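Biologist: I'm new to this one, so could you show it to me and let me ask how you know things?

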Amino acid sequence: MAKKAVALFLFLVLVAAAESHRPQSDEPPATAAVHGGKRRKDAAAPTHIHFFFHDTVSGKSPTAVRVVDPPSSSSPTSFFGMVNVMDDPLTEGPEQDSAAVGRAQGLYMGSDQAKLGFFQAMNLVFTSGDYNGSTLALLGRNCPLDAVRELPIVGGTGAFRFARGYAQLRTHWLDFRTGDATVEYDVYVMH
């Protein structure tokens, strides 16, 4: 009986995995225009998008808030166990009042016990330009004190359906007293 249950479970997992890879639309993926954005004509070349991410955890109007504090047993330099939820602005330049590109909406949590390292899951929601209304989904490890980090792109919507690629992150500015930061993003996406 247990062997049949395991076989049935494995069969259901395979069916679910196959179903999750099916297109959600009858529209073919090579369409030139997709819901408000532009699909690249040269599918072999990635699209490069450059912007700045502003994570503000201090002051009267934070864009990221802590929803779970790290346990008292956590290393004071790792923030292991901490969870922050964010709705951070994305801008063309490093200044907060630079032209808006979109929002980074998601969460990051302390997931490294030895150093400052976050598990980060977020959507980049574009609100202007060619990709207005489209999103990119990123999921991965972010160690803010490393010079360069990479987060994988695991999907997208609108112009970024079937997206895959990566984002390179470089800290432009960090206030160690408050935790506020501006991060430069170079996104390379196939779509």
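Modeller: Sure, and let's start with a contact between charges: aspartate 112 and arginine 141 meet through their side chains in a salt bridge, 2.9 Å from N to O. Bear in mind that this is a predicted model, where local features need pLDDT of at least 70 and side-chain atom pairs count only at pLDDT 80 or more, while totals for chains, interfaces and linings use all residues. Residues are numbered from 1 along each chain as its sequence is written, and side-chain values use heavy atoms, with hydrogens and water left out.

Biologist: Why is the contact of aspartate 112 and arginine 141 called a salt bridge?

Modeller: The term asks for a side-chain nitrogen of Lys or Arg within 4 Å of a carboxyl oxygen of Asp or Glu. Aspartate 112 and arginine 141 have 2.9 Å from N to O, so they qualify. As for the background, side chains of opposite charge can pair when their charged atoms come close.

Biologist: What makes this pair a tie between parts of the chain?

Modeller: Aspartate 112 sits in the loop between S6 and S7, and arginine 141 in strand S8, so the pair ties together parts 29 residues apart in sequence. Strands here are DSSP runs of E with at least two residues, helices are runs of H or I with at least four, and both are numbered from the N terminus.

Biologist: How do you know whether aspartate 112 is buried or exposed?

Modeller: By its relative accessible area: under 20% is buried, over 50% is exposed, and in between is partly exposed (1.4 Å probe, protein chains only). Aspartate 112 has 13%, so it is buried. Arginine 141 has 45%, so it counts as partly exposed.

Biologist: How many salt bridges are there?

Modeller: The structure holds 6. Among them is arginine 103 with aspartate 87, at 3.1 Å from N to O. That pair links distant parts of the chain, with arginine 103 in strand S6 (residues 100-110) and aspartate 87 in strand S5, 16 residues apart. Arginine 103 has a relative accessible area of 28% and is partly exposed, and aspartate 87, at 31%, is partly exposed too.

Biologist: And what makes arginine 177 and aspartate 175 a salt bridge?

Modeller: Their N to O distance is 3.9 Å, and the limit is 4 Å, so the pair passes. Arginine 177 is exposed, with a relative accessible area of 73%.

Biologist: Let's move to rings. Why are tyrosine 131 and phenylalanine 160 called a tilted pair?

Modeller: The whole structure has 8 aromatic pairs. Tyrosine 131 and phenylalanine 160 have ring centres 4.8 Å apart and planes at 35°, so the pair is tilted. The rule is that rings of Phe, Tyr and Trp (its six-membered ring) pair if their centres lie within 6.5 Å; planes under 30 degrees apart are stacked, over 60 edge-to-face, and the rest tilted.

Biologist: Where do these two rings lie, and how do you know that they are buried?

Modeller: Tyrosine 131 lies in the loop between strand S7 (118-126) and strand S8 (135-142), and phenylalanine 160 in the loop between strand S9 (149-157) and strand S10 (164-174), so the pair ties together parts 29 residues apart in sequence. Tyrosine 131 has a relative accessible area of 17%, which counts as buried, and phenylalanine 160 is buried at 0%. Both belong to one aromatic cluster with Phe51, Phe53, Phe126 and Tyr185.

Biologist: What makes strand S3 largely enclosed?

Modeller: In strand S3 (residues 47-55), 7 of the 9 residues are buried, so the rest of the structure largely encloses it.

Biologist: How do you know that S3 and S11 are paired?

Modeller: Two strands pair if DSSP finds at least two bridges between them. S3 and strand S11 (residues 181-190) have 9 bridges in the antiparallel sense, so they pair. Phenylalanine 51 stands opposite tyrosine 185 in S11. S3 is also joined to strand S5 (residues 83-91) by 2 bridges, again antiparallel, with phenylalanine 52 opposite threonine 91 in S5.

Biologist: Which residues does glycine 155 contact, leaving aside neighbours within four places in sequence?

Modeller: Thr135, Leu136, Ala137, Phe160 and Ala163, where contact means heavy atoms within 4.5 Å. Glycine 155 lies in strand S9 and, at 13% relative accessibility, counts as buried.

Biologist: And how many helices and strands does the chain have?

Modeller: The protein chain has 1 helix and 11 strands, and 36% of its 191 residues count as buried.
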